[in-house]
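Biologist: Could you take me on a close look at the open and enclosed spaces in this protein, and at the helices that pack beside them? I am new to this, so please go step by step.

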Amino acid sequence: MRDQFQGRFSEFDHLVPVFENAGIESRAIAMPLDWYLEPRGLKERNAVYLNIANQLFVEATRIALAAAKISAADVDTIVTISSSGIATPTLEARALIDLGFRPDILRVPVFGLGCAGGISGLSLGVQLARARPGSVVLLVVVELCSLWFHQDTLTKANIVASALFGDGAAAVVLSTARANDRNSVGTGVQHTWPSTLQIMGWDVNDSGLEVIFDRDIPPFIRRQIAPVMADFLKRLNLTRDGIERFGFHPGGTKVLEALESALEMKPGSLDIERSVLRDHGNMSAPTVLFVLKRLLENANPGIYLMSALGPGFTAAAISVTVQN
């Protein structure tokens, strides 16, 4: 990044701490590093998205189906969450034959949720599973944020995004027929703050998608998140003392610090979130599902409230219960 920007962007030296303090040690990216150092247009970037996103969709699906001990033919509904590329036909249609889904499967592709997509997608999947009792819903979340790195965009938002975002995918199998499973997912809730469209999203231009990333996100969280979380708990008939732990999408270290401060948590409490951020960076929508997976690996019995923030500006949350 220094080689790319220092001689062309006078503010770069002031932004170096963004990389030093990001808390990220490794990230996955879709293409070899040299690919990112040349100008690319929307068509070329999106062609790579279609190729790599399809590969990750297939891989994540196979892992999830194997863990659930079912085949693709058992899946009745697919919810696909992705905001980092344009796919029509959508990813699940492109993977239909390779994975062996039935021709009568219900396809539900969702675009535009950004970092909130993991939780919002989980909530949607739960609602669809409950609407058709006994059916199997597959949620697949794929994001390739790195493809939209712009080496010719000399803005603070672009530099900060390049320090934080990575690529990844996750998949979840949901069904009311799995009542004996140790883990169950509750009802999802959302809150969208009015007049906040400028905080996060995409700006579309000839070279592709450019990130809209407001530097005031952590201060906004400190001011606004506590009453919204209290409302979420009330709407879900839960209390703060009645949940074992919050689980958050790790948007960045400053976001995690803001969450801990606003919710009066001990600094460093969101250790699992920091470990996912350290190992993977911010992958947008899949990241919170990586947090959920790590959380469940050694979870105490109880109720966990998982949450993520994304474009809108929106907070999404859902409860996850771990039985003895």
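**A walk through the spaces**

Modeller: Happy to! Keep in mind that this is a predicted model. Let's begin with the walls of the largest pocket, where helix 3 (42-68), helix 6 (117-131), strand 4 (167-175), strand 5 (183-192) and helix 11 (287-297) each contribute at least two lining residues. Strand 4 has the largest share of that lining, with nine residues. The space inside the largest pocket comes to about 1400 Å³. Its lining counts 42 residues, and those closest to the centre are Ala64, Ala171, Val172, Val173 and Leu296. You can find Ala171, Val172 and Val173 on your screen by following strand 4, which spans 167-175. Sorted by class, the lining of the largest pocket holds 28 nonpolar residues, together with seven polar and seven charged ones.

Now turn to the second largest pocket, with a volume of about 760 Å³. Here 34 residues form the lining, and Cys145, Ser146, Phe149, Ala161 and Phe165 are the ones nearest the centre. At least two lining residues come from each of helix 1 (2-5), helix 7 (156-164), strand 6 (200-205) and strand 7 (208-213). Among these, strand 6 gives the most, with four residues. The lining of the second largest pocket divides into 20 nonpolar, 11 polar and three charged residues.

Next comes a space of the enclosed kind. The model has one cavity of 30 Å³ or more, and the space in this largest cavity is about 140 Å³. It is lined by 16 residues, with Met200, His249, Gly251, Val255 and Leu309 closest to its centre. Helix 8, helix 9 and strand 9 (302-310) each give two or more residues to this lining. The largest share, three residues, belongs to strand 9. In the lining of the largest cavity there are 12 nonpolar and four polar residues, but no charged ones.

Two of those cavity-lining elements, helix 8 and helix 9, deserve a look as a pair. The axis of helix 8 (residues 217-235) and that of helix 9 (residues 253-262) come within 8 Å and cross at roughly 25°. Angles under 35 degrees count as roughly parallel, and therefore helix 8 and helix 9 are roughly parallel to each other. Their crossing is right-handed. On the helix 8 side, the contact is made by Ile217, Pro218, Ile221, Arg222, Ile225 and Ala226, while helix 9 brings Lys254, Val255, Glu257, Ala258, Leu259, Ser261 and Ala262. By class, this contact has nine nonpolar residues, one polar and three charged. Notice Val255, which takes part in this contact and is also listed among the residues closest to the centre of the largest cavity.

Finally, let's return to helix 11, one of the elements lining the largest pocket, and meet its partner, helix 10. The axes of helix 10 (residues 271-280) and helix 11 come within 9 Å, crossing at roughly 125°. Helix 10 and helix 11 are therefore oblique to each other. This crossing, too, is right-handed. Ile272, Glu273, Ser275, Val276, Arg278, Asp279 and His280 of helix 10 meet Thr287, Phe290, Val291, Arg294 and Leu295 of helix 11. The contact of helix 10 with helix 11 has five nonpolar, three polar and four charged residues.

Note on methods:
Residues numbered from 1 in each chain as written. Predicted model: local features only at pLDDT ≥ 70, side-chain atom pairs only at ≥ 80, totals over all residues. Heavy atoms only, no water. 1 Å grid on protein atoms, 1.4 Å probe; cavity = no way out; pocket = protein on both sides within 12 Å on 5 of 7 lines; lining within 4 Å. Points joined across faces, edges and corners; volume = space filled by probe spheres on them. Nonpolar A, V, L, I, M, F, W, Y, C, P; charged D, E, K, R; others polar. Axes fitted to C-alpha atoms, helices over the stretch in contact; angles between N-to-C directions. Parallel < 35°, antiparallel > 145°, perpendicular 65-115°, else oblique. Left-handed = near helix turned anticlockwise from the far one by under 90°. Contact = heavy atoms within 4.5 Å.
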